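Thank you for making the time this morning. I would like to walk you through one structure, beginning with its metal site and then moving outward along the chain.

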Amino acid sequence: MRSQAEVNVQVNWQAICLPASMRLEIPREFERIGAIQIHGLQKVYELDGGLGVHERSSVIECIPQEALHAQMKQMAIVVPVKEERLKLIEGVLVGIPASCEVIVVSNSSRGPLDRFQLEASSIENYAKFAGKQVTIVHQKDPGLARAFAEAGYDAILDDNGLIRSGKAEGMILGTLLARWLGKQTVGFVDSDNYFPGAVHEYVSEYAAGFAMNSTRSSMVRISWHSKPKISENSLFFAKWGRSSVHSNKMLNRLLTHFSGFETEIIKTGNAGEHAISLDLALKLEYAAGYAVETHHFINLLETYGGLSENRFPEEMRERVSISQIESRNPHLHESKGDEHVEDMIDASLSVIYHSPLCPNELKCEIMDNLRQRYGEKCPDEIAPVRIYPSLSLLNLDAFLEHCDCAVMGPDETTFRFGLEPTRISAG
Ligand code: GDP
Ligand code: CO
């Protein structure tokens, strides 16, 4: 028989080895629209909730690190890159937990300075030190473009037969590569984030969101708590981004129109930081450029909301859960100017305006918003943005097979770096 001291030692040793957890609020409210459940914003109470087991009280859920890492093992993190500073990209990679697969989709220039090559060698060097496997592809890889063509998804190809430029187009490619690598969920993290700690937090929150919702179709969206700015020589922490105010307001108006009850539940209308289960991601439409996040909300409502005649009646039997988690780290990324912000606002309002769900009153409100921002230069109607068809229309088997074929090609535009760095794909 073991002595009490031996038992104590064993218990303590176990306690030391039990990894730490994350403590989050259970959503206080939710809106139900057809098959969709939109959860109210959840606060994080402890980024590291200590050693412990999975616990749930009436207000708080504590998810052990083991459960978070189990989610991360099934997750690919897609990092879209276009001409970002190498130091920023490396910082983002540093923040991504080791259990995740990392896919960098770059649309940086190939000449006169080959920025993509610089990115690839900096990532190769990083992967060597971190002992981490990182896949980096160029958005203009001809082999990957061919995979789209063979899969019957030509909409994403430009006149030269290559994948179009744009963040959304990079996200579509990243999503399919996540499937190719056998993952079940995909999360997106921008490459221009200054704080590796914030990136680490976002990915942990994706994992926590998935752990709290066991449905096959779920989405986790991050609403950052604050965004630091310099105002009159001192730091100011803004609560809302300039474009999210507009898209959240109009999306909530749309929900209010259908339910008859005023709501402010949507806080993440154009959350760039979000994660989706691949089952769901492979059914959604993607809007081009910066409308992609708002259009995901709209497309979910169109497909699963039961609000109009449904093209996919069988989808209504599924439950789709949307979690919104408020991150604690300040969100600091590259500042890309006022014009960029106006373009983002227009793109997100455009997908609301042009949705068949949008009622006339809301269209008028959106045009009022444009008039306020543009004055006399306001167009008569907000321009539509390109919408890519649902990925369910892409022949997935053909795409995956051609991804495999691309491995043998001659061009150096797809690399997989890791413990044994080998080039695996090219056009
Ligand atoms: P914002 O943060 O939403 O204001 O927009 P950004 O301009 O910072 O873009 C978000 C992310 O997408 C950044 O990491 C960019 O480097 C990346 N990005 C922008 N355009 C493209 C593109 O054409 N292709 C890819 N793959 N990434 C892009
Ligand atoms: Co940015």
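Let me start with Asp 192, which counts as buried because its relative accessibility is 4%, under the 20% cut-off. Please keep in mind throughout that this is a predicted model.

Which protein residues act as donors to the cobalt ion, ligand 2? They are Asp 192, through OD, and His 333, through ND1, and they lie 2.1 to 2.2 Å from the ion. Around the cobalt ion there are four donor atoms, and the arrangement is square planar because the angles they subtend run from 83 to 166°. As for where the two residues sit, Asp 192 belongs to the loop between strand 9 (185-188) and helix 7 (196-212), while His 333 belongs to the loop between strand 15 (320-327) and helix 11 (338-353), so the pair ties together parts of the chain that are 141 residues apart in sequence. In contrast to the buried Asp 192, His 333 counts as partly exposed, with a relative accessibility of 26%.

Now to ligand 1. There are 18 residues around ligand 1, and those that come nearest are Glu 84, Gly 166, Ser 191, Asp 192 and Lys 336; you will recognise Asp 192 as one of the cobalt donors. Three polar contacts are worth going through one by one. A polar side-chain atom of Ser 191 is 2.8 Å from an oxygen atom of ligand 1, and an N or O atom in the side chain of Tyr 290 is 3.0 Å from an oxygen atom of ligand 1. With Val 81 it is a backbone N or O atom that takes part, lying 3.4 Å from a nitrogen atom of the ligand.

How much of the accessible area of ligand 1 does the protein cover? Of the 570 Å² that ligand 1 has on its own, the protein covers 92%. Strand 6 (75-81) and helix 11 are the elements that give two or more residues to the shell around this ligand. By character, the shell residues divide into five nonpolar, seven polar and six charged.

Just after strand 6, there is a backbone feature to point out. Glu 83, in the loop between strand 6 and helix 3 (86-95), has a positive phi, near 50°, although it is not a glycine. Glu 83 is partly exposed, at a relative accessible area of 35%. A second backbone feature is the cis peptide bond that joins Gly 111 and Pro 112, with omega at about 0°, and Pro 112 is found in the loop between strand 7 (101-106) and helix 4 (115-130). As background to both, most residues other than glycine have a negative phi, and most peptide bonds are trans.

Finally, I would like to turn to pairs that are distant in sequence. Val 320 is placed in strand 15 and is buried, at 0% relative accessibility; its C-alpha lies 6.0 Å from that of Ala 35, although the two are 285 residues apart in sequence. His 39, in strand 3 (residues 36-46), is also buried, at 9%, and its C-alpha is separated by 9.2 Å from that of Ile 325, 286 residues away along the chain. Lys 132, in the loop between helix 4 and strand 8 (134-138), is buried at 8% relative accessible area, and its C-alpha is 9.7 Å from that of Leu 93, with their positions 39 residues apart along the chain.

Definitions and conventions
Residues numbered from 1 in each chain as written. Chains lettered and ligands numbered in written order. Predicted model: local features only at pLDDT ≥ 70, side-chain atom pairs only at ≥ 80, totals over all residues. Heavy atoms only, no water. Donors = N, O, S within 2.8 Å, 3.2 Å for Na, K, Ca; no water. Tetrahedral: all angles 85-135°; square planar, octahedral: opposite > 155°, others 65-115°. Helix = DSSP H or I, 4+ residues; strand = E, 2+ residues; numbered from the N terminus. Buried < 20%, exposed > 50% of the residue type's maximum accessible area, 1.4 Å probe, protein only. Near = heavy atom within 4 Å. Polar contact = N/O pair within 3.5 Å; in protein donor to acceptor, adjacent residues only side chain to side chain. Areas by Shrake-Rupley, 256 points an atom, 1.4 Å probe, with all protein chains shown as cover. Nonpolar A, V, L, I, M, F, W, Y, C, P; charged D, E, K, R; others polar.
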